[in-house]
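Trainee: Could you walk me through this one before I set anything up?
Mentor: Gladly; let us have it on the screen and take your questions one topic at a time.

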Amino acid sequence: MQTGPMSSRGTGSRRFIPNSPFASNEPAEVAETYEVGDQVCHDRHGLGRVIEKTGSTEVGRLLIDGAPHPAAVDEAHQAVGGAGGPARARGASRGSGTIEDVTSTPTAPKSTAQTSTRSGTPLADAGIALGPLDGRYRAAVAPLVEHLSEAALNRERLRVEVEWLVHLTSRGAVPGARALTDDEVTRLRSVVEDFGPADVEELAAIERETVHDVKAVEYFLKRRMTGTSLADLVELVHFCCTSEDVNNLSYALMVRGAVRQVWLPAATALAHQVADLARELRDVPMLARTHGQAATPTTLGKELAVLAARLRRQLRHVDRAEFLGKLNGATGTYGAHLAAVPGTDWLEVSRTFVEHLGLTWNPLTTQIEPHDWQAELYADVARFNRVLHNLCTDVWTYISLGYFAQVRGQGTVGSSTMPHKVNPIRFENAEANLEVSSGLLDVLASTLVTSRLQRDLTDSSMQRNVGTAFGHSLLAIDNVRRGLAGLDAVPEAMARDLDQNWEVLGEAVQSAMRAAGIAGTPGMQEPYERLKELTRGRRVDGPALRAFVAGLGLPADVERRLTELTPAGYTGLASELVDRLG
């Protein structure tokens, strides 16, 4: 067993066969001494810290966080102790754990400041979260823990293992395996439904022995069956399964639950909130801006309705998502199934099992279900994110223009130095989280569709980031909803801008001139060019525009319509278009 500094290269001497061309001429490394306070690295359990010397022996001891009971170790020991003997090390988390005999060397140069009288606890030992989702923003994303955490993954693995056992026995797929009683089925399913923190710890302890997550789940379930009426069926647990049979179904159940029970309801509520605000502001005229310049007026409600419709369209895509699954063995051929029980229709058993879980059966796979459905779903969610990001930037701009006022509690602070400020932090926070989420979803979608030949393990590490991707999106949704709830429209500010930009009516005048010319009115030549000369690069007020219209020689009804027109009234069908939201 090797321990030592945390670096890209292990600290133990490298060993080569006698005739190896790679054998090094470097002298063997000499074990270093260490003192109280040094961090040490264990090859199986990870980071630890020396907390005291243990006498004259040459064996250090490392306390590994998380194991429920001390465990004896029979590894060979290496003399590494310094003056005064070796030391005992503590794991870098919360204190309870397994005592392990280890060899250890310092992970960093010693400092004279490191003494046996050191006080204080490292932040890691205090349970401080590394990332913002499990720290600062935990409350907003907590519902996803039930679906996309590591514990949720193991619970769903248990669910798949239990349901596979129930399915095999209920269909008589394996001759000699008796049917389960109703009480036994209930007892098995309760293992899943009652899965909690103590079970998480027990499963983690098993995994430290197996160093295999799915096998640990199998052993965990067998423990629960041993000593009960189910003991005769323990070898049906994980029958003919490869780990990916369990994993792909578990992830499909997890993602389906997270999307349908958490993310989609939150995103749908946000889209409805935007639609409601659009209806409320249906008739509020506003100067539009294209390329940042004054353009044909619209209504604030119509512009919000555009965003609501875009969000809803993406949500329809997400709502139609398929969640695929497979159970067909190590390379997707049912080889073990046929070798064990050739008389069973394994295609039918597999199909009915996957569909029993509420998933779509995929009959053609390698060892892994190809994850194409995940790529499709994540692309849809990322596109929703980007539409929502567009909403954030637009609302942020309307706030900066004074079209929205932010309503904030008197106890809140906008700026640490400028008391007057109320910053649009909800929308800025949402922008950042949407960018993180979309970036992760893009990586997931592009990476998960590729697996070397019949299987590689890149998807395993990649899928563990699904929760983070959805977490940042959910956090953004929460921020936008809070931000929208704190907005009040300011029609007066919009009216001022409209009244200062009469030149936007140039479009209406030149269009009316074109129509009149086509209808036979003389003197309507070059309408665009004449309005361009009047309006481009200059301010035009109401009297100037009316005087120009009066001198055009338009039919009386057309002239009257144009002279009565104002920028605030030039919104076309904007209000009626809001009603298209339904």
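**Pocket, helices and ring pairs**

Mentor: Let me begin with the second largest pocket, where α1 gives the most to the lining, with five residues. Please keep in mind throughout that this is a predicted model.

Trainee: OK, what volume does the second largest pocket have?
Mentor: The computed volume of the second largest pocket is about 520 Å³. Its lining is made up of 22 residues, and those closest to the centre are Asp134, Leu148, Ser149, Gly467 and Thr468.

Trainee: And which helices each supply at least two residues of that lining?
Mentor: At least two lining residues come from each of α1 (138-148), α2, α6 and α13.

Trainee: How does the lining split by class?
Mentor: The lining of the second largest pocket has twelve nonpolar residues, together with six polar and four charged ones.

Trainee: Switching to α9, which of its residues are buried?
Mentor: Helix α9 covers residues 346-356, and within it Trp346, Val349, Ser350, Thr352, Phe353 and Val354 are buried.

Trainee: What do they pack against?
Mentor: The buried residues of α9 pack against three helices and two strands, namely α2 (150-170), α6 (243-280) and α8 (335-340) on the one hand, and β8 (324-325) and β9 (360-361) on the other.

Trainee: Which residues of α9 does His167 touch?
Mentor: If residues up to four places away in sequence are not counted, His167 touches Val349, Thr352 and Phe353, and these three are among the buried residues of α9. His167 itself lies in helix α2 and counts as buried at 8% relative accessibility. The C-alpha atoms of His167 and His356 are separated by 9.0 Å, although the two residues are 189 places apart along the chain.

Trainee: What comes after α9?
Mentor: α9 is followed by Gly358, which has a positive phi, near 85°.

Trainee: Which residues other than glycine have a positive phi?
Mentor: Two that I can point to are His291, with a positive phi of about 60°, and Glu526, with phi near 45°. They deserve a look because most residues other than glycine have a negative phi.

Trainee: Where do they lie, and are they buried or exposed?
Mentor: His291 lies in the loop between β6 (285-290) and β7 (293-299), and with a relative accessible area of 80% it is exposed. Glu526 lies in the loop between α15 (506-518) and α16 (527-535), and at 55% relative accessibility Glu526 also counts as exposed.

Trainee: Now rings. How many aromatic pairs are there?
Mentor: The structure holds nine aromatic pairs. In one of them, Phe239 and Trp346 are tilted, with 35° between the planes and 6.4 Å from centre to centre. This pair links distant parts of the chain, 107 residues apart, since Phe239 is in the loop between α5 (213-225) and α6, whereas Trp346 is in helix α9. Both Phe239 and Trp346 are buried.

Trainee: And why is the pair of Tyr378 and Phe470 edge-to-face?
Mentor: The planes of Tyr378 and Phe470 stand at 75°, so the pair is edge-to-face, and the ring centres are 6.0 Å apart. Because Tyr378 lies in helix α10 (residues 372-401) and Phe470 in helix α13 (residues 466-485), the pair ties together parts that are 92 residues apart in sequence. Tyr378 is buried, with a relative accessible area of 0%, and Phe470 counts as buried at 1%.

Trainee: Which rings are linked into a cluster?
Mentor: Ring pairs link Trp263, Tyr378, Phe384 and Phe470 into a cluster.

Trainee: What else is in contact with Phe470?
Mentor: One contact is with Val259, which, leaving aside neighbours within four places in sequence, is in contact with Leu264, Pro265, Val318, Leu377 and Phe470. Val259 has its place in helix α6 and counts as buried at 1% relative accessibility. The C-alpha atoms of Val259 and Leu377 are separated by 9.6 Å, with their positions 118 residues apart along the chain taken as the sequence separation.

Trainee: Last one: where does the charged end of Arg224 sit?
Mentor: The charged end of Arg224 sits over the ring of Phe220, 4.1 Å from the ring centre.

How values were computed. Residues numbered from 1 in each chain as written. Predicted model: local features only at pLDDT ≥ 70, side-chain atom pairs only at ≥ 80, totals over all residues. Heavy atoms only, no water. Buried < 20%, exposed > 50% of the residue type's maximum accessible area, 1.4 Å probe, protein only. Helix = DSSP H or I, 4+ residues; strand = E, 2+ residues; numbered from the N terminus. Contact = heavy atoms within 4.5 Å. Phe/Tyr/Trp six-rings, centres within 6.5 Å; stacked < 30°, edge-to-face > 60°. Lys NZ or Arg CZ within 6 Å of the ring centre and 35° of its normal. 1 Å grid on protein atoms, 1.4 Å probe; cavity = no way out; pocket = protein on both sides within 12 Å on 5 of 7 lines; lining within 4 Å. Points joined across faces, edges and corners; volume = space filled by probe spheres on them. Nonpolar A, V, L, I, M, F, W, Y, C, P; charged D, E, K, R; others polar.
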